[in-house]
Structure formats: structure tokens, C-alpha cells
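Subject: The structure for you to look at

Hi there,

Here is the structure I promised to pass on. Please open it first, and then read my notes alongside it.

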Amino acid sequence: RKEYVDLYVNYKFNKSVQKPFEDFMQGFLRGCPARNWKIFSPEELQVLLQGHPTFDWHLLEKNVIYAQYTESDQTIRNFWTVFHELPEEKKKMFLVFLSGSDRISGYGLQPFRFCIADPQKENPDESSPYTSTCRLTLFLPR
């Protein structure tokens with residue numbers, strides 16, 4: 001029985017996917033030669049490809065650029081008060097809303113900057129926040 005299970009597992013995890021994996025690896029290495037990846041440890045490579053999974057949210061707040069707002073505006077103070085009270089999962093959902101991803105690049109939060117702008121709507125109570133993911137801009141009505 002043990003031999004059957006070992007052979008079955010080997011087939012499922014290795015032999016059955018061998019050809020598709022070799023095709024994938026060949027294409028991947030054509031665009032990203034292995035010699036370039038060997039300088040990274042597995043952990044560094046994971047962060048480089050997937051981004052950082054954890055964040056210093058206060059550093060994110062410090063990196064914000066304001067347009068038509070100042071840091072002391074009541075809307076901004078309210079935004080950050082509510083933001084910091086959110087659970088971790090909701091904060092990551094905000095990153096998805098803002099940038100299209102729940103991760104920050106391998107460079108970390110230090111160089112990650114986004115803008116909070118006032119869309120200057122005539123009646124801001126009838127407008128919802130929206131983003132420009134290309135420009136990392138959150139349009140936050142007053």
C-alpha cells in the first residue's frame with residue numbers, strides 16, 4: 001500500500017505536470033535568465049515577485065501627498081482615524097481599491113506614495129470616494 005501511495009503521489013505531483021512545467025520554465029527562463037535570479041535568496045525572491053505581505057500603516061500615512069487638502073483638514077483627520085481602526089484585512093482591501101493589489105512592491109512602503117485629492121464636487125455629500133489606480137490617487141470628497 002505504501003508503495004502504491006508513493007507512486008500515486010509522485011505521479012500526481014511530478015510526472016503528470018512535468019511537461020507543462022518544463023514548458024513554463026523554458027518560457028520563464030527565456031524572459032528571465034536563471035543567472036539573474038541566483039543572486040537572490042528564496043525569501044528575497046518571494047518578496048521581489050509577490051511584494052511585502054505586512055505593512056507599517058503609519059509609514060503609509062506619512063508618505064501621502066495631499067492635493068487641495070492639508071494634513072490638518074478635518075476630512076483627512078477623519079479618514080486616518082477610521083483607517084487606523086480598520087482590521088488588517090480591510091486595510092489591505094483599501095490597498096486593492098487604491099492600487100489594484102493588496103501588496104506593496106519589494107521596495108517596501110518607504111518609496112510607496114499615493115495622493116489624496118479633493119475632487120471638488122459641487123455637492124460632495126452626493127459623491128463617493130474613487131481612485132485612479134494608474135496614478136495612485138484617492139479622490140476623497142469633503
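To start with a term: a patch is made of residues with over 30% relative accessible area and no salt bridge, where like charges are joined within 9 Å and nonpolar side chains (Val, Leu, Ile, Met, Phe, Trp, Tyr) within 5 Å. A salt bridge here is a side-chain nitrogen of Lys or Arg within 4 Å of a carboxyl oxygen of Asp or Glu, and accessible areas come from the Shrake-Rupley method with a 1.4 Å probe, with only the protein chains shown counting as cover for residues.

Please keep in mind that this is a predicted model, in which local features need pLDDT of at least 70, side-chain atom pairs count only at pLDDT 80 or more, and totals for chains, interfaces and linings use all residues. Residues are numbered from 1 along each chain as its sequence is written, and side-chain values use heavy atoms, leaving out hydrogens and water.

On confidence, the chain has a mean pLDDT (the predictor's confidence in each residue, from 0 to 100) of 86, and 96% of its residues reach 70 or more. Helix H6 (residues 74–85) has the highest value, 95, while helix H3 (residues 34–37) has the lowest, a mean of 76. Helices are DSSP runs (H or I, at least four residues), numbered from the N terminus.

The chain splits into domain 1 (1–39) and domain 2 (57–139), with bounds from an automatic or database domain assignment. Their centres, taken over C-alpha atoms, are 41 Å apart.

Now the patch: Tyr 4, Val 5, Tyr 8, Val 9 and Phe 13 make up a nonpolar one on the surface, together offering about 560 Å² of accessible area. Tyr 4 sits in helix H1 (residues 2–15) and is exposed, at 59% relative accessible area (buried is under 20%, exposed over 50%, partly exposed in between).

The whole structure holds 12 aromatic pairs (rings of Phe, Tyr and Trp, the last by its six-membered ring, with centres within 6.5 Å; planes under 30 degrees apart are stacked, over 60 edge-to-face, the rest tilted). Phe 24 and Phe 28 are stacked because their ring centres are 5.9 Å apart and their planes at 25 degrees. They are four residues apart in helix H2 (residues 18–31), so about one helical turn separates them. Tyr 130 and Phe 139 are also a stacked pair, with 4.8 Å centre to centre and 20 degrees between the planes. Phe 139 is buried, at 15%, whereas Tyr 130 is partly exposed, at 34%.

Finally, Trp 57, Phe 79, Trp 80, Phe 83, Phe 94 and Phe 114 form one aromatic cluster.

Best wishes

Definitions and conventions. Helices (H or I, at least four residues) and strands (E, at least two) are DSSP runs, numbered from the N terminus. Buried means under 20% relative accessible area, exposed over 50%, partly exposed in between (1.4 Å probe, protein chains only).
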